[in-house]
Amino acid sequence: MKKLEIIENIKVRSEKELLAFSEKPKRIYFTIEKSALSKIAKYLFREVKARFITASGVDTRSNIEILYHFSVDEAGLVVSLRVILEKDNLEIESLTPIILCTEWIEREIHELLGVNFKGHPNLKHLLLKDDWPEGNYPLRRDQ
Amino acid sequence: MSKKVIPIGPYHPLQEEPEFFTLYVDGETVTDIDIEIGYNHRAIEKIAESKSYDQVTFLVERICGICSTSHPFAYSNAIDNLLEIEVPERALYIRTIIGELERIHSHLLWLGLAGHFLGYNTVWMWAWRYREPILDIFERISGNRNHYAMFKPGGVRRDLDEADFPWIKKTLKGLIPKFDMFKGAVIDDPVIRARTEGIGILTKQDVHDYSVVGPTARASGVAIDIRRDDPYAAYDRVDWKVITAEGGGVFAKAIVRILELYESTNIVLQCLDKIPKGPIETNIKDMPVGEGIGRHEAPRGEVFHYIMSDGGNGPARHKVRAPSYVNIASNKKAVIGETVSDATIILAAVDPCYCCTERMAVVDAKSGTKLMDGQDLIRLSQEKTARMKK
């Protein structure tokens, strides 16, 4: 599937929920509302048959940003979906019911940044030990 | 029959991912598996935020002791992508040569250990012996047998000496007959074939579901390879092909790795012939605000680095995704329903670290008494092969 086609489809599907868009050769970044994440991720994983690479959570001091990276291998593209979360409402829909392999990375972001993934089947610690003090998030900058 | 729990792990300090597998077995059959990682979490991503861009190159080189160049390779690609700079041609060829030599010694290491687990200790000894010349090449090029410190954003740190080329070519060509020997020992041996074909299978759908990468995906007939799909370094300037196999079992994974030995040798030889003269780095003056993504096809699959810059001296956020992070998770699919004597080789087939499997122990879930340890499990695996030989 061509790059332009993917960009066009994501734009159509997200409509007003698309907040920003930028591109570099072979790299596309979309900033979307968190309500649109599931349907865009579903489109990329199920229809485009993109491979889920990983997600990266960032504390930008004002917000927490999560980037979901997908690889469209036949076009050599990396499509990144950026979702911005308010610090007083760190909750987002889990992608694990749609994409099996997001299980680990959501657990990782949960324990390192304190994001709650709604609907995750098993949101326990991944890297940190089980008795890690609650409310301590190693990758947060405000602690 | 009472259910038994087999804990595998947890500690081993050698590779980037110490893992802890808990196998639930019913008699001989594995009924469930629980995978835990994080026993030796070193917080590399957090440390990277306090280092300068130059220092991070050395930091990420220490993520893995076997494929030590994979992470600097992907990291340099990420910074080059962030800055959108042109890396000099000569540096691109040098990067390719280092990356491919590393694949050869990493695959040999896997083959040796796989041989050992199956009771083929000759293959194990061969692999160690013929891995040595590759390390000698690295020593001549970089002064180091591992942790070569050759990479930097914008280019490479050291130039290659043209006077070494004839010796490097001779050494590599001398290895090809040895690879034939491996091919013969593994592909043509009916016992290894019977022992490994059809166990630990990942279907094409599993490859997509678990998003596995590298030889683990290619052994299921899924032709994905970052070197071809998203070309970087000099991979689009040389002639090579992506190796795939059908079946998705342990045997197919071995075939992919053995055939990749030839491709990698071929790539290095072509690079040594084609490498142009010129500068080896682009000078980077300052870092703008922005983000970059770099990928590299490491011996185990795609390594992914994401860098976010706030214009400061070092990365504001550095995300690293090693291939084993997704490959190990797929063991959940591959190992359930198989027997304990096959579990050792299946869990090893994605090429994670082996110290874990060495530390396997069978414990009675009720009484907690130790019934078998790692040595026993390897023995179990070797005995099965010996039985099939008869």
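User: Hi! When do two strands pair here?
Analyst: Two strands pair if DSSP finds at least two bridges between them. Strands (E, at least two residues) and helices (H or I, at least four) are DSSP runs, numbered from the N terminus. This is a predicted model, where local features need pLDDT of at least 70, side-chain atom pairs count only at pLDDT 80 or more, and totals for chains, interfaces and linings use all residues. Residues are numbered from 1 along each chain as its sequence is written, with chains lettered from A and ligands numbered from 1 in the order in which they are written.
User: Okay, which strands form the open sheet in chain A?
Analyst: Five strands, in the order β1-β2-β5-β4-β3, with mixed pairing. Because β1 (18-24) and β3 (51-59) of chain A stand at the edges with a single partner strand each, one side of each has no neighbour in the sheet.
User: How do β3(A) and β4 of chain A pair, parallel or antiparallel?
Analyst: β3(A) and β4 (residues 63-72) of chain A are antiparallel, with eight bridges. Gly57(A), for instance, has Ile66(A) in β4(A) as its bridge partner.
User: Switching to chain B, which strand is joined to β2 there?
Analyst: β2 (residues 19-26) of chain B is joined to β3 (residues 29-37) of chain B by eight bridges, and they run antiparallel. Phe21(B) has Ile35(B) as its bridge partner in β3(B). Two residues lie between the strands of this hairpin, where Gly27(B) takes a positive phi near 65°.
User: And how many residues of chain B are in contact with chain A?
Analyst: 24 residues of chain B contact 22 residues of chain A, contact being C-beta atoms, placed from the backbone, within 7 Å.

Definitions and conventions
Contact = placed C-beta atoms within 7 Å.
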